[in-house]
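User: Hi, thanks for making time. Please walk me through this model, and expect me to jump around a bit.

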Amino acid sequence: MQYFLPLGRPGKISLCLRAGVRNLEANFDLHVKEYPTTRADPDLLHENPKIRADDVNSAFSDREVAGIISSIGGEDSIRILPYLNRDTIRSNPKILMGYSDTTTLLAYCNQLGLVTFHGPSIMAGFSQMENFPATFTTHVAEMLFHPKPSHQYSQFEVWSDGYPDWAEAGNIGKLNPAHKSDGWKWQQGTSLAKGELFGGNIEVLEWLKGTEFWPSPDFWKDKILFLETSEEKPSRAYIRRCLRNYGVQGIFEKITGLLFGRARDYSDEEKKALDENIAAVVAGEFRRRDLPIVTNMDFGHTDPQFILPLGARAEIDCEKRRFQLVEPSVH
């Protein structure tokens with residue numbers, strides 16, 4: 001069974017939620033189990049972060065539940081973290097997947113020892129999958145339900161920036177105009193790099209810095225860090241400052257690779273400038289000219305996106321321009 005939780009504003013777009021549930025059940029032979037806060041009033045959810053955490057705790061302890069998928073993102077998921085039951089989560093490891101605002105839960109539960117999954121949510125990803133290439137369904141099945149000893153990632157042939165307004169019923173499951181993929185951008189690095197995946201939305205990760213939920217200095221050793229930007233289209237200056245903070249913490253000295261998702265709503269010129277910014281900080285300011293950096297990858301706020309398991313070992317082969325998992329995503 002699958003369980004999904006609200007992390008934002010599900011009340012006004014229940015048709016989109018319903019479409020995502022239908023696609024999960026039809027394509028993966030799942031039974032979706034909703035918990036009390038899934039369709040709760042957004043104001044109630046905002047005023048009571050503990051009740052969302054109660055649902056998360058209940059889902060982890062529920063023996064019928066095999067996986068937890070976020071219904072959508074939002075803006076205040078960090079308020080859930082203090083109410084999570086660490087012992088319950090550690091004792092009942094299972095699939096936990098989402099992206100954007102769900103980065104807080106993914107990052108924290110990964111630090112508790114779980115492999116967590118940065119990937120599509122019910123309303124933003126699974127609702128639209130009828131308009132995705134068949135390779136998306138195959139990828140999800142292999143990552144979550146039929147894992148292999150290794151998994152080589154491949155770019156999707158087309159991609160889209162966001163969705164038309166869900167308030168109009170005719171837009172449910174639709175995508176904004178598609179673009180032909182121009183490929184991943186191999187910015188620097190010549191080596192074969194291995195490490196455990198960790199990361200998420202760069203803006204949401206900023207919320208964790210300075211809190212008890214931010215990883216310890218030793219955590220970063222031999223990690224492959226992946227980052228993506230939200231629909232709010234953060235400026236290049238903002239991204240530069242975020243990366244500079246990672247550098248000052250000594251994180252670039254410890255990680256083995258850096259991956260960036262395709263930046264949503266950026267023009268080609270803006271993406272090029274963003275890539276130059278990344279290199280200017282990592283290679284220029286912090287002298288990691290050897291660190292493999294790949295950008296414009298198929299994860300984050302553009303669709304379709306692939307799934308990245310935090311805590312699973314992966315490999316970046318700069319010479320062959322290949323990125324793959326080197327162990328099963330689910331054990």
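Analyst: Happy to! Helices here are DSSP runs of H or I with at least four residues, strands are runs of E with at least two, and both are numbered from the N terminus. Also keep in mind that this is a predicted model.

User: Got it. Pockets, then: what volume does the second largest pocket have?

Analyst: About 210 Å³. The pocket is lined by 13 residues, and those closest to its centre are T135, H139, Q152, S154 and F156.

User: Which element gives the largest share of that lining?

Analyst: Helix 6 does, with four residues. Helix 6 (134-144) and strand 6 (151-152) each supply at least two lining residues.

User: And how do the lining residues divide into nonpolar, polar and charged?

Analyst: Seven are polar, four nonpolar and two charged.

User: Staying with helix 6, which of its residues are buried?

Analyst: F136, H139, V140, A141, E142, M143 and L144 are buried in helix 6. The buried residues pack against helix 1 (14-28), strand 4 (95-98), strand 5 (116-118), strand 6, strand 15 (308-310) and strand 17.

User: What about closed spaces, how many cavities of 30 Å³ or more are there?

Analyst: One cavity meets that cut-off. The space in the largest cavity is about 30 Å³. Its lining is made of E142, M143, P147, K148, H151, L325 and S329. Three of the lining residues are nonpolar, two are polar and two are charged.

User: Switching to sheets. In what order do the eight strands of the open sheet come?

Analyst: The order is 6-17-16-10-11-12-13-9, with mixed pairing. Strand 6 and strand 9 (185-188) each have a single partner strand, so each has one side without a neighbour in the sheet.

User: How do strand 10 and strand 11 run, parallel or antiparallel?

Analyst: Parallel, and six bridges join strand 10 (residues 192-201) to strand 11. One of the facing pairs is L197 with I224 of strand 11. On to the next partner: strand 11 and strand 12 (residues 257-261) also run parallel, joined by four bridges, and F226 stands opposite L259 in strand 12. Between those two strands the chain passes through helix 8 (residues 236-248), making a right-handed β-α-β crossover.

User: Why is strand 11 largely enclosed by the rest of the structure?

Analyst: Because six of the six residues in strand 11 (residues 223-228) are buried. K223, L225 and L227 point one way, I224, F226 and E228 point the other way, and all are buried.

User: Where does the antiparallel part come in, say for strand 16 and strand 17?

Analyst: Strand 16 (residues 313-317) and strand 17 (residues 322-325) run antiparallel, with four bridges joining them. The bridge partner of D317 in strand 17 is R322.

User: There's an antiparallel sheet of three strands too. In what order do they come?

Analyst: That open sheet has the order 8-7-14. Strand 8 (178-180) and strand 14 (302-303) are the edge strands, and each pairs on one side only. Two bridges join strand 7 (residues 158-161) to strand 14, and D161 has T302 as its bridge partner in strand 14.

User: Now backbone geometry. Which residues does a cis peptide bond join?

Analyst: D303 and P304, with omega about -5°. P304 sits in the loop between strand 14 and strand 15. For context, most peptide bonds are trans, and most residues other than glycine have a negative phi.

User: On that note, what is phi of D29?

Analyst: Near 55°, so to speak on the positive side, and D29 is not a glycine. D29 lies in the loop between helix 1 and strand 2 (32-34) and counts as exposed at 72% relative accessibility. R287, not a glycine either, has a positive phi of about 60°. R287 belongs to the loop between helix 9 and strand 13 (293-297), and with 54% relative accessibility R287 counts as exposed.

User: Last one: is N277 buried or exposed?

Analyst: Buried, at a relative accessible area of 15%, where the cut-off for buried is under 20%. N277 is part of helix 9 (residues 268-285). Leaving aside residues up to four places away in sequence, N277 touches R236, A237 and R240.

Conventions: Residues numbered from 1 in each chain as written. Predicted model: local features only at pLDDT ≥ 70, side-chain atom pairs only at ≥ 80, totals over all residues. Heavy atoms only, no water. Buried < 20%, exposed > 50% of the residue type's maximum accessible area, 1.4 Å probe, protein only. Pairing = 2+ DSSP bridges. Right-handed = clockwise from strand over helix to strand, strands pointing away. 1 Å grid on protein atoms, 1.4 Å probe; cavity = no way out; pocket = protein on both sides within 12 Å on 5 of 7 lines; lining within 4 Å. Points joined across faces, edges and corners; volume = space filled by probe spheres on them. Nonpolar A, V, L, I, M, F, W, Y, C, P; charged D, E, K, R; others polar. Contact = heavy atoms within 4.5 Å.
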